[in-house]
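Please find below some notes on the model, set out as numbered points for reading alongside the sequence and the coordinates.

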Amino acid sequence: MEFSYHNPTAIEFGVGQIKKLSNLIDKKQKVLVVYGGGSIKNNGVYDQVTKALENHEYLEFSGVEPNPTIETMNKAVKIVREEKIDFVLAVGGGSVIDGCKYLVAASLYDGDGWDFLDGSAEVKKALPLGVVLTLAATGSESNHLTVLSKKETDEKRMYFSNHSYPQFAIMDPSVMATLSDRQLGNGLVDAFVHTSEQYITHPTSTLVNDGYAETLFRGLVKLANTWEERRTHTWLENLMHIANQALNFQIGAGVPQDWSTHLIGHELTAYYNLDHARSLAVVQPYLLEVMHEDKKEKIAQLGENVFGISNDNKAVIKAIEDVYNKVGVPTKLSEYVIDDKVIENVSSALTKNGYTAMGENGNITLDKVATILTMSMK
Ligand code: NZQ
Ligand code: ZN
């Protein structure tokens, strides 16, 4: 075992925590409050945030779209610079948070901020960032990953930086009451796939990583099996907690990882605008089938320890699909209106981004991607 792990984000979890904002942000700092399309105005979050900041100087920037774009966030960069903002507060889901992670870095960078996304520059400094989370799914609230799109070229790229960790994340599960069933289902699936990508590789001897990942899996299976209780506080707070733990990269520390489902899914979103989680659910089951030889031991372990299935890996993959279907997320690309260029589009984007040998063994090549997408379209 060998790993470095440092996560500096303070978590404030529970009902009523938003009021802590008033002390979490220094009153001398000029704040930019950033949010999305306005859901926070319908569920009391906006009112709670503005109340908590009544003794702070702050401005607002709204309109960050799902799958945030650099075009939108560069408008916020201009405001941060012109208004000499000291602190950015992201109020929303993964999209607003990722947009703000880019914002705090790009505002202090002289070149084109896309340099972070295409890998030609590293983030060297960033403004401080805080988060009020309104949607449980990505784990972005306490990790160092940023995913951003460029409308101009239909690209969706990502980068890691230790400067992207939020200083704090306020997680009040009661604000999830206004989420649609679709967003709740998406959140559960995203968290399941995050756990998978740090677990379904080849066996290791890391008892902590395996055991904790299996705990998260079992929690998500239980939430899917009690989908009818999704409007209860207990259900929502567990989803919020699990989704957070699934992608703060602790379960991935020191073990092999395979992010190929995400890499392929990101291209489906870039071209066909599938919700992030939905793009994953139409890839993962077929990827597990195609890559079975490499992943069979961990699929069997998942079967034993999570689903209670022995010696039947086909049934384990089917059980994963059942989890997604139970929460209303389809597992077939053919459920969406997709043109016949999908393989060509995804393959050329993966090639452009240098993802032609993905997976823990570097053998998920473009011919395998084509097989996976063909299976999903049948
Ligand atoms: O924009 P508003 O009006 O706020 O509406 C949002 C949006 O339309 C709405 N919403 C959020 N909280 C709500 C609410 N509606 C009612 N009540 C609430 N409490 O939900 C819609 C979707 O929001 P979004 O932020 O896009 O969803 P999510 O959190 O799933 O984020 C998806 C983005 O995160 C990226 C994805 O690729 C995608 O761009 N990811 C980021 C990761 C990371 N940084 O670690 C990892 C993930 O794998 C993922 O790639
Ligand atoms: Zn994800």
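1. The zinc ion (ligand 2) is held by four donor residues, namely Asp 190 through OD and His 194, His 262 and His 276 each through NE2, at distances of 2.0 to 2.1 Å. These values, like the others in this note, are computed from a predicted model. Along the sequence the donor residues follow the spacing D-x3-H-x67-H-x13-H.

2. Two of the zinc donors deserve to be read together, since Asp 190 and His 194 both belong to helix α6, where they stand four residues apart, or about one turn of the helix. Are these two residues buried or exposed? Asp 190 has a relative accessible area of 2% and therefore counts as buried, the cut-off being under 20%. His 194 is likewise at 2% relative accessibility, so it is classed as buried by that cut-off.

3. Turning to ligand 1, the residues around it number 31, and those that come nearest are Gly 37, Ser 39, Gly 94, Ser 95 and Lys 156. By class, the shell around ligand 1 is made up of nine nonpolar, 19 polar and three charged residues. Both domain 1 (10–174) and domain 2 (180–377) supply at least three residues each to the shell around ligand 1.

4. Which side chains place an N or O atom 2.8 Å or 2.7 Å from an atom of ligand 1? Asp 98 has a polar side-chain atom 2.8 Å from a nitrogen atom of ligand 1, and the side chain of Thr 178 has an N or O atom that is also 2.8 Å from a nitrogen atom of the ligand. In the case of Lys 156, an N or O atom of the side chain lies 2.7 Å from an oxygen atom of ligand 1. Ligand 1 exposes 950 Å² when taken alone, and 89% of that area is buried by the protein. The elements that contribute two or more residues to the shell around ligand 1 are α4 (94–106), β6 (145–150), α6 (181–197) and α9 (260–272).

5. A last point concerns Leu 179, which is located in the loop between β8 (168–171) and α6. With a relative accessibility of 14%, Leu 179 falls under the 20% cut-off and so counts as buried. The C-alpha atom of Leu 179 is separated by 8.5 Å from that of Thr 134, although the two residues are 45 residues apart along the chain.

Definitions and conventions. Residues are numbered from 1 along each chain as its sequence is written. Chains are lettered from A and ligands numbered from 1 in the order in which they are written. This is a predicted model: local features need pLDDT of at least 70, side-chain atom pairs count only at pLDDT 80 or more; totals for chains, interfaces and linings use all residues. Side-chain values use heavy atoms; hydrogens and water are left out. A residue is near a molecule or strand if one of its heavy atoms lies within 4 Å of it. A polar contact is a pair of N or O atoms within 3.5 Å; within protein, one must be able to donate a hydrogen and the other to accept it, and residues adjacent in sequence count only if both atoms are side-chain atoms. Accessible areas come from the Shrake-Rupley method with a 1.4 Å probe; for residues, only the protein chains shown count as cover. Ala, Val, Leu, Ile, Met, Phe, Trp, Tyr, Cys and Pro count as nonpolar, Asp, Glu, Lys and Arg as charged, and the others, Gly among them, as polar. Domain bounds come from an automatic or database domain assignment. Donors are N, O and S atoms within 2.8 Å of the metal (3.2 Å for Na, K and Ca); water is not among the atoms, so sites may look incomplete. Buried means under 20% relative accessible area, exposed over 50%, partly exposed in between (1.4 Å probe, protein chains only).
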